[in-house]
Every structure is written in structure tokens, then in C-alpha cells.
Amino acid sequence: MSKEKEIITSQLRRPPQGLLGVAKHCFKGRPLVILTNPILEDKTPFPTVFWLTCPVLVKEVAKLESGGWIDRFQALLDKDEELYQKFVQAHESYLLFRKQLLSPASRMSLSSTKGKVLLETGVGGVRNFRKIKCLHAHYAHFLATGINPIGELIHKKIGEISSCQNECESE
């Protein structure tokens, strides 16, 4: 196992599924966001292609979620048409990127209802591009691409992480 995969396994406390690579590293050069295959080895569709792995950031985003920030960001999105348009563009960009990860043969095999999730959903596998489901998914998308407006708001709330206690150091 590569050193980077060991660190990711330590961060997630399990081996990563469908790992294609690291989409973003932290200031210490450790994986921050990983890129995953939209179809797992057992052929299960997996719509989340950007996965936040940094334990410090996972905890910070969980605090936002438990503090009611999904509803607060949703209220902001509901009343700000410009933010909403950028949010829809982020979902569409995510969907297009995911489709590009699929081989032509894979796309052909996705005719089942279960497989359509990869061809019809946005960030976090949501069908309704007006709704926020998981802040972790939006933040991972923003960190990897810089184009998710909700992820950007999360980033502004959390701020830059400039120190950590090596929580992702492998044993």
C-alpha cells in the first residue's frame, strides 16, 4: 500500500473505496480531498467523487452541520438568486465531471434506475439542485475545484487550517 493510501486509510479509519487519487493536499502535504471512481469495484454506483478526508476538517464541518448551518445556508440560497445560479452551475459542473470519469462502456451499463444516479444527480447525489444535503460534500467539491459557492461559504466559516495534531498520521 502506498504511503498516501495508508494516510487516507488512517484518516477515514477504513480503506478508501474506488480511490483514483488525491484531489487536494493540506499544507502538510497530506491528503485533504480524494477523488473516487463513480463505480466501485462491485459495480455499485457511487455518486460522491470528491471526498473530504482530513479529520480536522471533517470535525469542523460536522460542527457546522450540528449547529444548524445546513438550514442557514439553505435560507441564504433560497433568497439569493445569484448564489442559487452559482450553486446550480456547481451541481452541473460536478455532474459533467463525474460523467467524464465514466468510460463509454460504463455509461452504457448505467441504464438501470440504480445507475442513473450517476447521470442525473449533483453534489452528494442530490436530484434537486436547489437543496443542500451534505456540507462535507460541498466543501470537498470547493476544495478540489474552487467552484462550489456553498463550499466557499463553509471555507470562510472554518478559515484556513494552519496547524493540526497529526490526526491523520498513519501508525
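Biologist: What residue follows α7, and which sign does its phi have?

Modeller: G146 comes after α7, and its phi is positive, near 75°. Before we go on: this is a predicted model, where local features need pLDDT of at least 70 and side-chain atom pairs count only at pLDDT 80 or more, while totals for chains, interfaces and linings use all residues. Residues are numbered from 1 along each chain as its sequence is written, and side-chain values use heavy atoms, with hydrogens and water left out.

Biologist: What makes you say that helix α7 is mostly covered?

Modeller: Helices here are DSSP runs of H or I with at least four residues, strands are E runs of at least two, and both are numbered from the N terminus. Buried means under 20% relative accessible area, exposed means over 50%, and partly exposed is in between, with a 1.4 Å probe and protein chains only. In α7 (residues 135-145), nine of the 11 residues are buried, including H136, H138 and H141.

Biologist: Why are α7 and α8 called roughly perpendicular?

Modeller: Their axes cross at roughly 95° and come within 7 Å. That crossing makes α7 roughly perpendicular to α8, because the label covers 65 to 115 degrees (under 35 is roughly parallel, over 145 roughly antiparallel, the rest oblique). The axes are lines fitted to C-alpha atoms, for helices over the stretch in contact, and angles run from 0 to 180 degrees between N-to-C directions.

Biologist: Which residues of α7 and α8 meet?

Modeller: On the α7 side they are L135, H138, Y139, F142 and L143, and on the α8 side I150, G151, E152, I154, H155 and I158. By class that is seven nonpolar, three polar and one charged. Contact means heavy atoms within 4.5 Å. Ala, Val, Leu, Ile, Met, Phe, Trp, Tyr, Cys and Pro count as nonpolar, Asp, Glu, Lys and Arg as charged, and the others, Gly among them, as polar.

Biologist: How do α2 and α8 cross?

Modeller: The axes of α2 (residues 55-66) and α8 (residues 149-158) come within 11 Å and cross at roughly 100°. α2 is therefore roughly perpendicular to α8. L57, E60, V61 and L64 in α2 meet I154, K157 and I158 in α8.

Biologist: How do you know whether K157 is buried, partly exposed or exposed?

Modeller: K157 has a relative accessible area of 44%, so K157 is partly exposed. Leaving aside residues up to four places away in sequence, K157 touches L64, W69 and F73.

Biologist: What makes F50 and Y94 an aromatic pair, and which kind?

Modeller: Rings of Phe, Tyr and Trp (its six-membered ring) pair if their centres lie within 6.5 Å; planes under 30 degrees apart count as stacked, over 60 as edge-to-face and the rest as tilted. F50 and Y94 are 5.8 Å apart centre to centre with 70° between the planes, which is edge-to-face. Both of these residues are buried.

Biologist: And why is the pair of W69 and F73 called tilted?

Modeller: Their ring centres are 5.2 Å apart and the planes are at 45°, so the pair is tilted. Both lie in helix α3 (residues 69-79), four residues apart, about one turn of the helix.

Biologist: Where does R72 lie relative to W69?

Modeller: R72 lies over the face of W69, 4.6 Å from the ring centre. A charge sits over a ring if NZ of Lys or CZ of Arg is within 6 Å of the ring centre and within 35 degrees of the ring normal. The charged end of R130 sits over the ring of Y84, 3.7 Å from its centre.
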